[in-house]
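Dear colleague,

I am handing over the structure we spoke about, and below it you will find an account of what came out of going through it. Please read the account with the coordinates open beside you.

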Amino acid sequence: MSLTAGSRPDGTRPPAAVEEPTAAVTAAVTKARAPRKESRAGRAQKVPLKVRLRRDRTLILMTLPVMVLLLIFNYVPLLGNVVAFQDYDPYISSNGITAIFHSPWVGVEQFSRMIDDPLFWSATKNTVVLFALQLVLFFPVPIALALVINSVIRPRVRAVAQAIMYLPHFFSWVLVVTVFQQIFGGAGIIAQTLEDHGWSGFDLMTNASLFKYLVTAQAVWKDAGWGIIVFLAALAAVSTDLYEAAAMDGAGRWRRMWHVTLPALRPVIALLLVLRVGDALSVGFEQFLLQRYAVGAGASEVLDTYVWNMGIQNGDFSYAAAVGLVKGLIGVCLVLSANKFAHLLGEQGVYQK
């Protein structure tokens, strides 16, 4: 039995080898498909405006009330910042808006006055110190509490703990300050208990040197529950397969938290950190105004209360508007810088690149 060329000993022929496409063929196929993709993208971009409005009219109607509210209460008042460049007098006319057109222009005089004002720099210093302190002591607390609650196995215990921690978020600052006054004040529970046992009492609410720690503790007690909900929502999206795979590889509880849980929280942490940095100069208003007279203006004066005192109490609206305008511009720059830093770390931040 003779074997033909290319045949096997059993007389069958091997399957023909599939030739790999050459570079020229691949380039031709790619070139043939490219215009089709471009034409589809072009057709998607050339959808008329009327068609898009008719197609998305339901979504537009849903967002229209929110857009109107933002326009009225957030963007229209920005036009009033023009008084920062005037010597605004609301009593020059019977209408406050008409008075803007009759007030004399002074250019950047209000800003020069702000730079030369030592009270402004004192308020700025207190604001920056309080922001740094709250960023170090307050920002990690919701993350730690969320990790603790997430480690609880029983759902009922977890729900009760979350509800108890979230409840103070609904309290007003008046109630929060009152609660702390009844506990840490000179006539509070702790001071009275110490005096009953022969110890000298104390009054934490009037201690100017400890005021920054007091307001940080108040902020933690009031708003930590809100941050817990945000981080628990992020933890709920983590797949249990990751924890099981880490456990099979021999990772203990701490290593699973470090290599699985915390990386899952990184996008949320970056987002909240960017937003928190944007509010660096807005550490609070009502909280500090309520406790201003207990510790004095030297310890409790921040930029928000400074604007209130200069604009509302003293009637210096142009100067207060100048301070508020600078504060807003610095806040925008901080948000953009923090968001850029988040992009460098590989996170999305507030908006994408």
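To begin with the surface, the protein chain has an accessible area of about 23300 Å², and 66% of this belongs to carbon and sulfur atoms. Please keep in mind throughout that this is a predicted model. Of the 353 residues in the protein chain, 29% count as buried, and the secondary structure comprises 18 helices and zero strands. Among the contacts in the protein chain with a separation of 6 or more, 61% are between residues 24 or more positions apart.

As to confidence, the pLDDT of the protein chain averages 82, and 87% of the residues score at least 70. Two stretches call for separate mention: over residues 23-29 the pLDDT is below 50, and this stretch has one contact in the model beyond near neighbours in sequence, while residues 35-39, where the pLDDT is also below 50, have zero contacts of that kind.

Turning to the interior, the largest nonpolar core has 21 residues, of which Leu 130, Phe 211, Leu 214, Val 283 and Phe 288 touch the most other members. At least two residues of this core come from each of α6 (118-137), α9 (173-184), α11 (211-236), α13 (253-278) and α18 (317-344), and α9 gives the most, with four residues. Apart from this core lies another, of 17 residues, which includes Met 114, Ala 123, Leu 281 and Tyr 319. As background, nonpolar side chains in soluble globular proteins tend to be buried together. Returning to Phe 288, and leaving out residues up to four places away in sequence, this side chain's residue touches Leu 130, Phe 211, Val 215, Val 283, Ser 300, Val 302 and Thr 305.

Helix α6 also carries two polar residues that I looked at one by one. Thr 127 is found in this helix and, at 0% relative accessibility, counts as buried; not counting residues up to four places away in sequence, Thr 127 touches Ala 280, Leu 281, Val 283, Val 302 and Leu 303. Asn 126 lies in helix α6 too and counts as buried at 14% relative accessibility; with its neighbours within four places in sequence left aside, Asn 126 is in contact with Ala 297, Gly 298, Ala 299, Glu 301 and Val 302.

Which residues of helix α17 (residues 303-313) are buried? They are Leu 303, Asp 304, Thr 305, Tyr 306, Asn 309, Met 310 and Gly 311. The elements that cover the buried residues of α17 include α5, α6, α14 (286-290), α15 (292-295), α16 (297-300) and α18. Just after α17, Gly 315 takes a positive phi of about 75 degrees.

The aromatic residues deserve a paragraph of their own. The count of aromatic pairs comes to 12. In one of these pairs, the ring centres of Phe 85 and Phe 111 are 5.4 Å apart and the planes are at 45 degrees, so the pair is tilted. Because Phe 85 lies in the loop between α3 (57-75) and α4 (96-102), and Phe 111 in helix α5 (residues 109-115), the pair ties together parts that are 26 residues apart in sequence. As for accessibility, Phe 85 counts as partly exposed at 29% relative accessibility, whereas Phe 111, with a relative accessible area of 15%, is buried. Elsewhere, Phe 120, Trp 121, Tyr 306 and Tyr 319 form one aromatic cluster.

Charged side chains are placed over rings in the model as well. Arg 113 lies over the face of Tyr 319, at 4.2 Å from the ring centre, which brings a charge to a member of the aromatic cluster just named. The charged end of Lys 222, for its part, sits over the ring of Trp 173, 5.2 Å from its centre.

Finally, a word on one position in helix α11, where Ala 217 is found. Ala 217 counts as partly exposed, at 36% relative accessibility, and its C-alpha atom is separated by 9.0 Å from that of Gln 134, although the two residues are 83 residues apart along the chain.

With kind regards

Definitions and conventions. Residues are numbered from 1 along each chain as its sequence is written. This is a predicted model: local features need pLDDT of at least 70, side-chain atom pairs count only at pLDDT 80 or more; totals for chains, interfaces and linings use all residues. Side-chain values use heavy atoms; hydrogens and water are left out. A nonpolar core is a set of buried Ala, Val, Leu, Ile, Met, Phe, Trp, Tyr and Cys residues joined through side-chain atoms within 4.5 Å. Buried means under 20% relative accessible area, exposed over 50%, partly exposed in between (1.4 Å probe, protein chains only). Contact means heavy atoms within 4.5 Å. pLDDT is the predictor's confidence in each residue, from 0 to 100. Accessible areas come from the Shrake-Rupley method with a 1.4 Å probe; for residues, only the protein chains shown count as cover. Rings of Phe, Tyr and Trp (its six-membered ring) pair if their centres lie within 6.5 Å; planes under 30 degrees apart count as stacked, over 60 as edge-to-face and the rest as tilted. A charge sits over a ring if NZ of Lys or CZ of Arg is within 6 Å of the ring centre and within 35 degrees of the ring normal.
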